[in-house]
Amino acid sequence: MRDDSHVCDIPDALPPDVIIRRALPADLLGIVRVFDGAALETDVERLRRRLRDDPPRAFVAAAARTDPSPESSADRVVGALVLSDRPASSPGEVEIEQVAVRRRRRGRGIGRALVEAACSFAIEHAPPGATPVVTARFDRTARPFYEACGFEIVEDPTLESAEGSRGERLRARRRADAG
């Protein structure tokens, strides 16, 4: 029997075989593979700590496997989002550190659903009276994704890209209860 207590309530339509849920320690390899496929650097030990946080600071889009063999009984990670463990600049703020979806699964609402899970996390964990906010820092190529998810984009010439060039990264902010 399957325990769905960790499944997130995401209102947007997703492919019928995909659920959004909090990541589990057993998802580590699947998350690393998704991030590797998106050419994102991954600190495996930091990721492992996020998966052990209570509650976990990571979410996955998991697709049910259709292969009936016993070794494929687990869900397959097709997308992942990890929240930063850096201290927030304001109460109620959470920062998306990484988000990626497998290339052949893109354009189907999975990334947006992962962002909505982060927004739900921010709302659930915001202190009383604080405005829940989700922020992100990302390369310019991801700008259309964040705009489509309702983020306000802020040019920040002080942010450096992975290659060290300034001005190639952007910052975004979205009220978690708007969207």
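Here are five short exercises, each with a worked solution, on the predicted model shown above.

**Exercise 1. How many helices and strands does the chain have, and in what order do the elements run from the N terminus?**

Step 1: Start with the count, which gives four helices and seven strands. 
Step 2: Now walk along the chain from its N terminus, and the elements read β-α-α-β-β-β-α-β-α-β-β. 
Step 3: For a first feel of the fold, look at burial: 44% of the 179 residues count as buried. 
Step 4: Then look at the contacts between residues with a separation of 6 or more; 62% of them join residues 24 or more positions apart.

**Exercise 2. Which residues of helix α1 are buried, and which elements do they pack against?**

Step 1: Find α1 at residues 28-37; its buried residues are L28, G30, I31, V32, V34 and F35. 
Step 2: Follow these residues to their neighbours, and you reach α2 (44-52) together with β2, β3 and β4. 
Step 3: Glance past the end of the helix too, where A39 follows with a positive phi near 60 degrees.

**Exercise 3. How are α1 and α2 placed relative to each other: parallel, antiparallel, perpendicular or oblique?**

Step 1: Two packed helices are described by the angle between their axes and the distance between the axes. 
Step 2: Here the axes of α1 and α2 come within 11 Å and cross at roughly 130 degrees. 
Step 3: Angles of 65 to 115 degrees would be roughly perpendicular and those over 145 roughly antiparallel, and α1 and α2 are therefore oblique to each other. 
Step 4: Add the handedness, since α1 passes α2 in a right-handed crossing. 
Step 5: Finally, pick out the residues that make the contact: α1 brings L28, I31 and V32, while α2 brings V44, L47, R48 and L51.

**Exercise 4. How many residues are in the largest nonpolar core, and which element gives the most to it?**

Step 1: In soluble globular proteins, nonpolar side chains tend to be buried together. 
Step 2: In this model the largest such core holds 31 residues, and those with the most contacts inside it are L81, L83, I96, L114, V134, Y146 and F151. 
Step 3: Several elements each supply at least two of its residues, namely β1 (18-22), β2 (58-63), β3 (76-83), β4 (93-101), α3 (110-125), β5 (133-139) and β7 (169-175). 
Step 4: The top contributor is α3, with nine residues. 
Step 5: Do not stop there: a second, separate core of 14 residues includes V34, A80, V82 and A100. 
Step 6: To see one core residue in its setting, try L81; leaving out residues up to four places away in sequence, its contacts are R57, A58, F59, I96, Q98, V99, L114, V115 and A118.

**Exercise 5. Where is V77, and is it buried or exposed?**

Step 1: Locate V77 in strand β3. 
Step 2: Its relative accessibility is 5%, so V77 counts as buried. 
Step 3: Compare positions in the chain and in space: V77 and V34 are 43 residues apart along the chain, and their C-alpha atoms are separated by 7.4 Å. 
Step 4: Beyond residues up to four places away in sequence, V77 touches D27, G30, I31, V34, V60, A61 and R102.

Note on methods. Residues numbered from 1 in each chain as written. Predicted model: local features only at pLDDT ≥ 70, side-chain atom pairs only at ≥ 80, totals over all residues. Heavy atoms only, no water. Core = buried A, V, L, I, M, F, W, Y, C linked by side-chain atoms within 4.5 Å. Buried < 20%, exposed > 50% of the residue type's maximum accessible area, 1.4 Å probe, protein only. Contact = heavy atoms within 4.5 Å. Axes fitted to C-alpha atoms, helices over the stretch in contact; angles between N-to-C directions. Parallel < 35°, antiparallel > 145°, perpendicular 65-115°, else oblique. Left-handed = near helix turned anticlockwise from the far one by under 90°.
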